[in-house]
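Welcome! Here is a short briefing to read alongside the sequence and the 3D view. Take a moment to look at both before going on.

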Amino acid sequence: MSDFERDIVHCLNSFFDDSGVGGFAYRLKQARFNTQYVDVIVDSLDPRYYLAIECKSLKGNKIYFTQHFHKDKNGTHQVDSISEFLTRTGRRGYLAVEFRGGSGKPNEAYLLPWHTITTEYAACPGITREQFREGIALTRSKSGYTLEQL
(Lines give C-alpha, C1' and ligand atoms only; values in the text may rest on other atoms or scores of the structure.)
Protein backbone atom coordinates (compact mmCIF):
# COMPACT_ATOMS: atom_id res chain seq x y z
CA MET A 1 0.00 0.00 0.00
CA SER A 2 1.38 3.40 -0.88
CA ASP A 3 1.91 6.02 1.80
CA PHE A 4 -0.78 8.23 0.26
CA GLU A 5 -3.37 5.43 0.35
CA ARG A 6 -2.47 4.79 4.00
CA ASP A 7 -2.76 8.55 4.68
CA ILE A 8 -6.23 8.62 3.09
CA VAL A 9 -7.43 5.67 5.19
CA HIS A 10 -6.10 7.30 8.36
CA CYS A 11 -7.57 10.69 7.38
CA LEU A 12 -11.04 9.27 6.79
CA ASN A 13 -11.07 7.19 9.96
CA SER A 14 -9.96 10.23 11.97
CA PHE A 15 -12.76 12.22 10.33
CA PHE A 16 -15.29 9.59 11.42
CA ASP A 17 -13.90 9.48 14.97
CA ASP A 18 -13.81 13.27 15.33
CA SER A 19 -17.23 13.93 13.82
CA GLY A 20 -19.02 11.08 15.54
CA VAL A 21 -20.22 9.74 12.19
CA GLY A 22 -20.38 5.97 11.87
CA GLY A 23 -18.04 4.87 9.15
CA PHE A 24 -14.86 2.91 8.51
CA ALA A 25 -12.27 3.27 5.73
CA TYR A 26 -9.98 0.44 4.72
CA ARG A 27 -7.99 -0.98 1.88
CA LEU A 28 -8.57 -4.45 0.55
CA LYS A 29 -5.52 -6.67 0.27
CA GLN A 30 -4.23 -6.57 -3.28
CA ALA A 31 -3.73 -9.95 -4.91
CA ARG A 32 -1.90 -10.59 -8.13
CA PHE A 33 -4.71 -12.27 -10.07
CA ASN A 34 -7.69 -10.48 -8.51
CA THR A 35 -9.02 -7.18 -9.74
CA GLN A 36 -8.74 -4.27 -7.36
CA TYR A 37 -11.28 -1.72 -8.56
CA VAL A 38 -10.37 1.13 -6.18
CA ASP A 39 -7.74 1.80 -3.55
CA VAL A 40 -9.90 2.67 -0.53
CA ILE A 41 -13.36 1.44 0.46
CA VAL A 42 -15.52 3.26 3.01
CA ASP A 43 -18.43 1.49 4.66
CA SER A 44 -21.13 3.39 6.52
CA LEU A 45 -24.82 3.02 7.19
CA ASP A 46 -25.06 6.70 6.27
CA PRO A 47 -25.29 6.71 2.44
CA ARG A 48 -23.30 9.96 2.28
CA TYR A 49 -20.27 8.01 3.46
CA TYR A 50 -20.71 4.78 1.50
CA LEU A 51 -17.70 5.48 -0.72
CA ALA A 52 -15.03 4.17 -3.06
CA ILE A 53 -11.85 6.21 -3.51
CA GLU A 54 -9.11 5.90 -6.10
CA CYS A 55 -5.79 7.43 -4.99
CA LYS A 56 -3.06 8.95 -7.14
CA SER A 57 0.15 10.60 -5.99
CA LEU A 58 2.15 12.47 -8.60
CA LYS A 59 4.69 15.12 -9.37
CA GLY A 60 3.57 17.96 -11.57
CA ASN A 61 0.45 20.09 -11.88
CA LYS A 62 -1.86 17.89 -13.95
CA ILE A 63 -3.14 14.34 -13.84
CA TYR A 64 -3.44 12.77 -17.29
CA PHE A 65 -5.91 10.03 -18.17
CA THR A 66 -3.43 8.24 -20.41
CA GLN A 67 -0.36 8.52 -18.17
CA HIS A 68 -1.73 8.13 -14.63
CA PHE A 69 -4.52 5.60 -15.25
CA HIS A 70 -4.16 2.11 -16.70
CA LYS A 71 -6.08 -0.24 -18.94
CA ASP A 72 -6.83 -3.79 -17.86
CA LYS A 73 -5.97 -6.92 -19.85
CA ASN A 74 -9.19 -6.48 -21.88
CA GLY A 75 -8.31 -2.89 -22.78
CA THR A 76 -10.88 -1.31 -20.43
CA HIS A 77 -9.68 2.05 -19.15
CA GLN A 78 -9.45 2.40 -15.36
CA VAL A 79 -11.96 5.30 -15.33
CA ASP A 80 -14.51 3.08 -17.06
CA SER A 81 -13.96 0.11 -14.75
CA ILE A 82 -14.24 2.28 -11.63
CA SER A 83 -17.40 3.89 -13.00
CA GLU A 84 -18.93 0.44 -13.53
CA PHE A 85 -17.90 -0.60 -9.99
CA LEU A 86 -19.62 2.49 -8.56
CA THR A 87 -22.78 1.79 -10.53
CA ARG A 88 -22.90 -1.86 -9.43
CA THR A 89 -22.23 -1.18 -5.75
CA GLY A 90 -24.16 2.08 -5.30
CA ARG A 91 -21.11 3.74 -3.74
CA ARG A 92 -20.23 7.40 -4.22
CA GLY A 93 -16.85 7.75 -5.85
CA TYR A 94 -13.97 10.14 -5.37
CA LEU A 95 -10.52 10.58 -6.83
CA ALA A 96 -7.95 11.56 -4.22
CA VAL A 97 -4.86 13.19 -5.68
CA GLU A 98 -1.68 14.18 -3.90
CA PHE A 99 0.48 16.67 -5.75
CA ARG A 100 3.98 16.10 -4.38
CA GLY A 101 5.73 19.41 -3.95
CA GLY A 102 9.31 18.20 -4.09
CA SER A 103 12.24 19.48 -2.09
CA GLY A 104 11.16 22.18 0.37
CA LYS A 105 7.66 22.49 -1.06
CA PRO A 106 4.59 21.12 0.73
CA ASN A 107 2.41 18.39 -0.75
CA GLU A 108 -1.20 19.24 -1.57
CA ALA A 109 -4.06 16.73 -1.59
CA TYR A 110 -7.64 16.99 -2.80
CA LEU A 111 -10.76 14.92 -3.34
CA LEU A 112 -12.88 15.33 -6.47
CA PRO A 113 -16.25 13.63 -6.93
CA TRP A 114 -16.14 10.82 -9.48
CA HIS A 115 -18.82 12.44 -11.68
CA THR A 116 -16.35 15.32 -12.22
CA ILE A 117 -13.69 12.80 -13.26
CA THR A 118 -15.95 11.12 -15.81
CA THR A 119 -17.02 14.49 -17.24
CA GLU A 120 -13.40 15.59 -17.67
CA TYR A 121 -12.38 12.16 -19.01
CA ALA A 122 -14.90 12.55 -21.83
CA ALA A 123 -13.84 16.13 -22.59
CA CYS A 124 -10.09 16.57 -22.13
CA PRO A 125 -6.77 14.76 -21.63
CA GLY A 126 -6.39 15.58 -17.93
CA ILE A 127 -7.28 17.62 -14.86
CA THR A 128 -5.15 20.47 -13.53
CA ARG A 129 -4.16 21.21 -9.95
CA GLU A 130 -6.29 24.37 -10.16
CA GLN A 131 -9.36 22.26 -10.97
CA PHE A 132 -8.61 20.04 -7.98
CA ARG A 133 -8.41 23.12 -5.78
CA GLU A 134 -12.13 23.59 -6.49
CA GLY A 135 -12.77 20.21 -4.84
CA ILE A 136 -12.32 19.15 -1.22
CA ALA A 137 -8.94 20.14 0.18
CA LEU A 138 -7.15 17.90 2.67
CA THR A 139 -5.12 19.84 5.20
CA ARG A 140 -1.62 18.54 5.93
CA SER A 141 -0.57 18.18 9.57
CA LYS A 142 2.18 16.35 11.46
CA SER A 143 0.00 13.28 11.76
CA GLY A 144 -1.01 13.24 8.08
CA TYR A 145 -3.95 14.70 6.20
CA THR A 146 -7.06 16.08 7.89
CA LEU A 147 -10.52 16.21 6.37
CA GLU A 148 -12.76 18.98 7.68
CA GLN A 149 -15.95 17.97 5.85
CA LEU A 150 -17.05 15.57 3.18
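The protein chain carries 19 positive and 18 negative side chains, where Lys and Arg count as positive, Asp and Glu as negative, and His and the chain ends are left uncounted. The centres of the two sets lie 6 Å apart, with each charge placed at NZ of Lys, CZ of Arg, CG of Asp or CD of Glu. Please keep in mind that this is a predicted model, in which local features need pLDDT of at least 70 and side-chain atom pairs count only at pLDDT 80 or more, while totals for chains, interfaces and linings use all residues. Residues are numbered from 1 along each chain as its sequence is written, and side-chain values use heavy atoms, without hydrogens and water.

**Overall build**

- The protein chain contains 4 helices and 9 strands; these are DSSP runs numbered from the N terminus, with helices being H or I of at least four residues and strands being E of at least two.
- Following the sequence, you will meet them in the pattern α-β-β-β-β-α-β-β-α-β-α-β-β.
- The radius of gyration of the protein chain is 15 Å, which agrees with the value near 15 Å for a compact globule of 150 residues; the radius is taken over C-alpha atoms, and the globule rule is 2.2 Å times the number of residues to the power 0.38.
- Along its principal axes, the C-alpha trace spans about 40 × 40 × 30 Å.

**Surface and contacts**

- About 8700 Å² of the protein chain is exposed, and carbon and sulfur atoms supply 49% of that area; the Shrake-Rupley method with a 1.4 Å probe gives these areas.
- Of the 150 residues, 41% are buried (buried means under 20% relative accessible area, exposed over 50%, and partly exposed in between, with a 1.4 Å probe and protein chains only).
- Among contacts with a separation of 6 or more, 55% join residues 24 or more positions apart, a contact being heavy atoms within 4.5 Å.

**Cysteines**

- The count of disulfides comes to 0, using a cut-off of 2.5 Å between a pair of cysteine sulfur atoms.
- C55 is in no disulfide, and its nearest cysteine sulfur, that of C11, is 10 Å away.
- C55 counts as buried because its relative accessibility is 7%.
- C124 sits in the loop between α3 and β7 (126-128) and is partly exposed, at 23% relative accessible area.
- From C124 to G75 the C-alpha distance is 20 Å, across 49 residues of sequence.

**Two threonines to find**

- T66 belongs to the loop between β4 (62-64) and α2 (78-89), and its 74% relative accessibility makes T66 exposed.
- T66 and D46 are 20 residues apart along the chain, with 34 Å between their C-alpha atoms.
- T116 is part of helix α3 (residues 114-123) and is partly exposed, with a relative accessible area of 24%.
- T116 and E54 are 62 residues apart along the chain, with 13 Å between their C-alpha atoms.
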